[in-house]
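User: Please take a close look at the ligand site of this model and at the empty spaces in the protein. I would like the residues and elements that line each of them.

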Amino acid sequence: MTVSSAPGKVYLFGEHAVVYGEPAVPCAVERRAAVTVEARDDDRIRVEASDLSLDGFTVEYGGTADRRPDVDVPASLLDAATGYIDAAVEQARDAADAPDAGFDVTIESDIPLGAGLGSSAAVVVAGIDAATRELGVELEKTELADRAYRAEYEVQDGEASRADTFCSTMGGAVRIEGDDCRRIDTPNLPFVVGFDGGAGDTGELVAGVRALREEYGFAADTVENIGDIVRRGETLLSAADPGADPTEDLLTELGRLMNFDHGLLEALGVSSRTLDNMVWAAREAGAHGAKLTGAGGGGCIVALDDTRETETALRYTAECENAFRAELDREGVRVEE
Ligand code: PMV
């Protein structure tokens, strides 16, 4: 039996603009999905997802058998869990040259689902890592990140960027520009996440920005301006002491850039009333800055605050279902003992 876990992520800056070749800086945070894998002596797959719905569910299937879970779960949830696990299993079988390998898989996750925190990427990364190790193969992290990207790409019909899977595999802050992904040094960034309990439709939101860009030249400028914010943020980060606690000045400057970024994302039509209300609650509680994270439309915001004030204020904000501190995770995927 092998257990691997991988972190979720927030975007410090750059979502949406990254679709048009601008850089983005996602950061792994200490909220993880753990996937337990045990090789079977047949080629079937049994998936148990204890935290992905209220009651959890178990489903066992072979190549063509239908997938009937033991409790009633929405088809979308079932498809999501089994789809990502199937794709992860296919990558592991391919990497280990074991096309008929079967597995018992258990998913446990404390990352809110589909809310811009990279929950599916974390499941795919941890799943491929655990399944390949179970077959006696240890992948280099770059290969793991690449296989996880291919798995997400397949499940999401080509609508996946490398950001989530690369960040979840490597941990820390990363820089994404097109297909170029690399880790960057940063101080310990004190993130706070607020979650409205909902989720936006990434495909629709990305299409909305595309339409706006086609209609208005200045929307294209807005996207480029987000790129400028990212570049400015990167300069600040590269001048800071890596691994240390950030100075108040750095937090102030980064927070201002996050606020600016949120304003531009709002202008591009990807925020929502609940996200805006959480952003304002965080700012009023004294956060250095706050913005939506991920595709938007609903889901999560990320704030920068080294006190407990923002988390508490968000908990008392009507639109916020859950708020938590989420320190930068520097480790990425790991095997759990
Ligand atoms: O909601 P998430 O975490 O999948 O982030 C989407 C980020 C976008 O830039 C909007 C789309 C993308 O593929 O980069």
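Analyst: Thirteen residues surround the ligand, each with a heavy atom within 4 Å of it, and of these 13 residues Lys9, His16, Val18, Gly116 and Ala295 come nearest. The model is predicted, so local features need pLDDT of at least 70 and side-chain atom pairs pLDDT 80 or more, while totals for chains, interfaces and linings use all residues. Residues are numbered from 1 along each chain as its sequence is written, and side-chain values use heavy atoms, with hydrogens and water left out.

Polar contacts are pairs of N or O atoms within 3.5 Å. A polar side-chain atom of Lys9 is 2.8 Å from an oxygen atom of the ligand. Backbone atoms also take part: a polar one of His16 lies 2.9 Å from a ligand oxygen, and a polar one of Ala295 lies 3.0 Å from a ligand oxygen. On its own the ligand has 380 Å² of accessible area (Shrake-Rupley method, 1.4 Å probe), and the protein covers 85% of that 380 Å².

The empty spaces come next. On a 1 Å grid over the protein atoms alone, a pocket is an open set of points with protein on both sides within 12 Å along at least five of seven lines, a cavity is a set where a 1.4 Å probe fits but cannot get out, and lining residues have an atom within 4 Å of a point. Volumes are the space filled by probe spheres set on the points.

The largest pocket has a volume of about 1,400 Å³. Its lining comprises 48 residues, with Gln156, Glu159, Ala160, Asp164 and Thr202 nearest the centre. Among the elements that give two or more residues to this lining are strand 1 (2-13), helix 2 (119-134) and helix 5 (202-215); helix 1 gives the most, six residues. Domain 1 (2-184) and domain 2 (191-326) each supply at least three residues of the pocket lining, the bounds coming from an automatic or database domain assignment.

The structure also holds one cavity of 30 Å³ or more, and the largest cavity has a volume of about 40 Å³. Residues lining the largest cavity include Val35, Ile85, Phe103 and Gly127. Strand 2 (25-39), helix 1, strand 5 (103-109) and helix 2 each supply at least two residues of the cavity lining, and helix 1 gives the most, with three.

Note on methods:
Helices (H or I, at least four residues) and strands (E, at least two) are DSSP runs, numbered from the N terminus. A polar contact is a pair of N or O atoms within 3.5 Å; within protein, one must be able to donate a hydrogen and the other to accept it, and residues adjacent in sequence count only if both atoms are side-chain atoms.
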